[in-house]
Structures are given as C-alpha cells and as structure tokens.
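Trainee: I would like a close look at one part of this model, the aromatic rings and the helix beside them in our discussion. Please take me through it step by step.

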Amino acid sequence: MKFVSIRIITDDIKRLVEFYTRVTRLEPAWFGEDFAEIATISCTLAIGSTRTLQMFEAGDTRAGANRSAIIEFLVDDVDAEYERLKPFLKDVVQEPKTLPWGNRSLLFRDPDGALVNLFTPVSADAMRKFGR
C-alpha cells in the first residue's frame, strides 16, 4: 500500500487552493472547477468542493469541521517560513518552537480551520529520521 494523498473538502475551493498555493509555493493542478491538487515530492494535497461529495457515499462529511487531523509539511527553515507567511496568516496557534521530539514547529489554521504544521528537524535524532 502507498499513501498518496489527503483530501480536504471545502465550501470555498478557490480560497483554500489559493491559501495552500501560497503556503507551499507550488502551483495547483486544476481538474475542473471543483477539484485541485497540489503535488509535493512525497504526497499530494487534494482539495475538493462540497459539490464533489455528490459523487461519493461519504456519509456525514462536512467542510470546515475537522478538529483532529494536522496537515504537516517538512520545510528547510521553519523560522524563515514563519517570517515569510506571518503577514498572510490569520490564525497562528503556535509560533516556531522546538518540541521534545526534536522538531521545530509552526502551527496555524487554514481558512477552514484545519491545523497546519510546518516543521524542521533540529535534533540529531529528528534529522536522522528525516534523512537530513
């Protein structure tokens, strides 16, 4: 099995794709007006409008209701990313801080309220874990 993507469902796809385009500095691939993907080296962030739910038997899926998952991106320098994004971010949950497991982490919310973590391994163990 290969983990290839995570999909976010949103009521405002243009706003959310614009947000993640700015965070990642990667261009999205649009597949119609209701679905886009931002492909990174290791995984793809897919973003679909609530209209795409009509194609699935998704049960109780609601845009902007996630309070348990964190979308994480490994970055070269989390402090530099924070300075770059600071004027743009509206809901910073945690400014860059080094956590006990050796990652320096920035935590903020996307426009739909999902948590996003940008992190840089800084301890020897964390750097080894991520091949740095």
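Mentor: Phenylalanine 19 has a relative accessibility of 7%, and because buried means under 20%, this residue counts as buried. Keep in mind that the model is a predicted one. Phenylalanine 108 comes out at 0% relative accessibility, so it is buried as well.

The structure holds 5 aromatic pairs. In one of them, phenylalanine 19 and phenylalanine 108 meet edge-to-face, with 6.1 Å from centre to centre and 65 degrees between the planes. The angle counts as edge-to-face because it is over 60 degrees. This pair links distant parts of the chain: phenylalanine 19 sits in helix H1 (residues 13–24) and phenylalanine 108 in strand E7 (residues 103–109), 89 residues apart. Ring pairs also join Phe19 and Phe108 with Tyr20 and Phe88 in a cluster.

Now turn to helix H2, which spans residues 78–85. Its buried residues are Val78, Glu81, Tyr82 and Leu85. They lie on the same side of H2, because the arc they cover around the axis is only 100 degrees. An α-helix has 3.6 residues a turn, so residues three or four places apart point the same way. The buried residues of H2 are covered by elements including H1 and E7, together with strand E6 (92–98) and strand E8 (115–121). H1 and E7 also hold the two rings of the edge-to-face pair.

At the N-terminal end of H2, aspartate 77 acts as a cap. One of its side-chain oxygens lies 3.1 Å from the backbone nitrogen of aspartate 79.

Definitions and conventions. Residues are numbered from 1 along each chain as its sequence is written. This is a predicted model: local features need pLDDT of at least 70, side-chain atom pairs count only at pLDDT 80 or more; totals for chains, interfaces and linings use all residues. Side-chain values use heavy atoms; hydrogens and water are left out. Rings of Phe, Tyr and Trp (its six-membered ring) pair if their centres lie within 6.5 Å; planes under 30 degrees apart count as stacked, over 60 as edge-to-face and the rest as tilted. Helices (H or I, at least four residues) and strands (E, at least two) are DSSP runs, numbered from the N terminus. Buried means under 20% relative accessible area, exposed over 50%, partly exposed in between (1.4 Å probe, protein chains only). The arc is that of the directions from the helix axis to the C-beta atoms. Contact means heavy atoms within 4.5 Å. A polar contact is a pair of N or O atoms within 3.5 Å; within protein, one must be able to donate a hydrogen and the other to accept it, and residues adjacent in sequence count only if both atoms are side-chain atoms.
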